[in-house]
Amino acid sequence: MKVVLKDLTKIFPSRNKNGQEVVAVNNFDFEIPDGKLIGLLGPSGCGKSTTLYMICGLQKPTSGRIFFGEDDVTDLTPENRGVGLVFQNYALYPHMTVKQNILFPLQNFKGKDKLTKSEMLERAYKVAELVQIDELMDRKPSELSGGQQQRVAIARALVKMPRVLLLDEPLSNLDARLRLQTREEIKRIQRETSITTVFVTHDQEEAMSISDYIVVMKLGVVQQIGEPQNVYDDPVNLFVAKFLGTPPINVFEGKIEKGKLYIGEDAVLNVGDVADQEVFVGIRPEGFIYDKNGALHCKLRNLEVMGRDVSVVSTNEAATSPIVRSIIDADNKVDIASESVTFSLKPHKTFIFNKETEERIYFEIAQKAEKVNSEEKPAKKPAAKKSTAKKTTSKKSAE
């Protein structure tokens, strides 16, 4: 089922007489493709749960329309929209067994949708088997683990055969191991059922791991929409770059002068015809190359060995955070006794942002070698053919 959100806006009135209205969602315009899993991602208060509640009908939009396929469902009640909703706290009935919890939505069907007892049981056991709780049907919720309770909640939502499945931070109450296991199960269930699914979370790792597309939101405004890897590799602004990635992106204060990017006094990259200006520089942890002749100088603090990789923890006066974390290959032998460490940079992992607007500044990657002062420090490899870093704008519709 294709879901279309057209200029969706939700404004909450102020609680104070002279206070300002709260714009929870501002002109959300997006088409969710049929059968895809979409992750609504952002910090607390960004409007992602409000968007979900407007889709299911628990919140009425201030303006805009909601379409399921060609049907305008904006004014329909939740029970008439054909949605399945899984809450953060599961909301299971404690006095009912697992089977009774799953059957409950079917028992409320009326008219032509009403099912016989045998049909209800058949459907309940089918979804229980799908979510792998068919052996727990006679237990009460208090006798289940957190992960099992979450599966019961998903089964209860699926048993209605909804047109759209909505998940409101369904993993936040689980421990780390169960979160990993359950998100894999959610992805498996979604693929097997092909139900259009909207998954709300503040955890970027969760969203990126299971979503076909992610929608990054901030203060009710959509910042970027796209496939998870594309958004990670090509953020449109500093907020998106900082929100995605573990460990987070390293951000420096920098400047551009005469076609060169400077971090402090270090000229770290050639950036072509970009105008001279003060900028923010974002470098992904995997964007550093350990290089004794590198252009970027940092003070070494310690190394964290992670098996195949090594995390170099350092500091730099131009960094906006206390430490700089660089992920390099474990084959590199870093002298822990040294007071400093130097890096070259991978241009495609280095992003420049306007100092005032924090919007992305796109630059032409001039050469494969990360040296900018080749006359002073000869490159170890010859310059490669030019390539261009193309801008990826936010899309209103994922195609």
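The exercises below, each with a worked solution, concern a predicted model.

In this predicted model, local features need pLDDT of at least 70 and side-chain atom pairs count only at pLDDT 80 or more, while totals for chains, interfaces and linings use all residues. Residues are numbered from 1 along each chain as its sequence is written, and side-chain values use heavy atoms, with hydrogens and water left out.

**Exercise 1. Determine whether the span of helix 4 agrees with its number of residues, and establish how far the helix is enclosed.**

Helices (H or I, at least four residues) and strands (E, at least two) are taken as DSSP runs, numbered from the N terminus. The expected span of a helix is 1.5 Å times one less than its number of residues. For the 13 residues of helix 4 this gives 18 Å, and the end C-alpha atoms are 19 Å apart, which agrees.

For the second part, buried means under 20% relative accessible area, exposed over 50%, and partly exposed in between (1.4 Å probe, protein chains only). Because 11 of its 13 residues are buried, helix 4 is largely enclosed by the rest of the structure. Among the buried residues are Gly147, Arg151, Val152, Ile154 and Leu158. Their cover includes strand 6, helix 2, helix 3 (117–130), strand 7 (164–168) and helix 5 (176–193).

**Exercise 2. Describe the largest nonpolar core and the contacts of Ile133.**

A nonpolar core is a set of buried Ala, Val, Leu, Ile, Met, Phe, Trp, Tyr and Cys residues joined through side-chain atoms within 4.5 Å. The largest such core has 35 residues, and those with the most contacts inside it are Ile102, Ile133, Leu158 and Ile186. Helix 2, helix 3, helix 4, strand 7 and helix 5 each supply at least two residues of this core, and its largest share, six residues, comes from helix 4. Apart from it lies another core, of 31 residues, among them Ile263, Val268, Leu269 and Cys298.

Contact means heavy atoms within 4.5 Å. Leaving aside neighbours within four places in sequence, Ile133 is in contact with Val98, Ile102, Ala128, Gln148, Arg151, Val152 and Ala155.

**Exercise 3. Characterise the largest pocket by its volume and lining.**

On a 1 Å grid over the protein atoms alone, a pocket is an open set of points where a 1.4 Å probe fits, with protein on both sides within 12 Å along at least five of seven lines; lining residues have an atom within 4 Å of a point. The largest pocket has a volume of about 830 Å³. Its lining holds 25 residues, of which Pro78, Glu79, Val83, Pro105 and Lys160 lie nearest the centre. Strand 6 (83–86), helix 2 (98–107) and helix 4 (146–158) each supply at least two lining residues, and the largest share, three residues, comes from strand 6.

**Exercise 4. Locate the residues with positive phi, Ser194 and Leu219, and the cis peptide bond before Pro247.**

Most residues other than glycine have a negative phi, and most peptide bonds are trans. Ser194, with phi near 60°, is found in the loop between helix 5 and strand 8 (196–201), and at 46% relative accessibility Ser194 counts as partly exposed. Leu219, with phi near 50°, is found in the loop between strand 9 (213–218) and strand 10 (221–226); at 65% relative accessibility, Leu219 counts as exposed.

The cis peptide bond joins Thr246 and Pro247, with omega about -5°. Pro247 has its place in the loop between helix 8 (238–243) and strand 11 (250–257).

Methods: Points joined across faces, edges and corners; volume = space filled by probe spheres on them.
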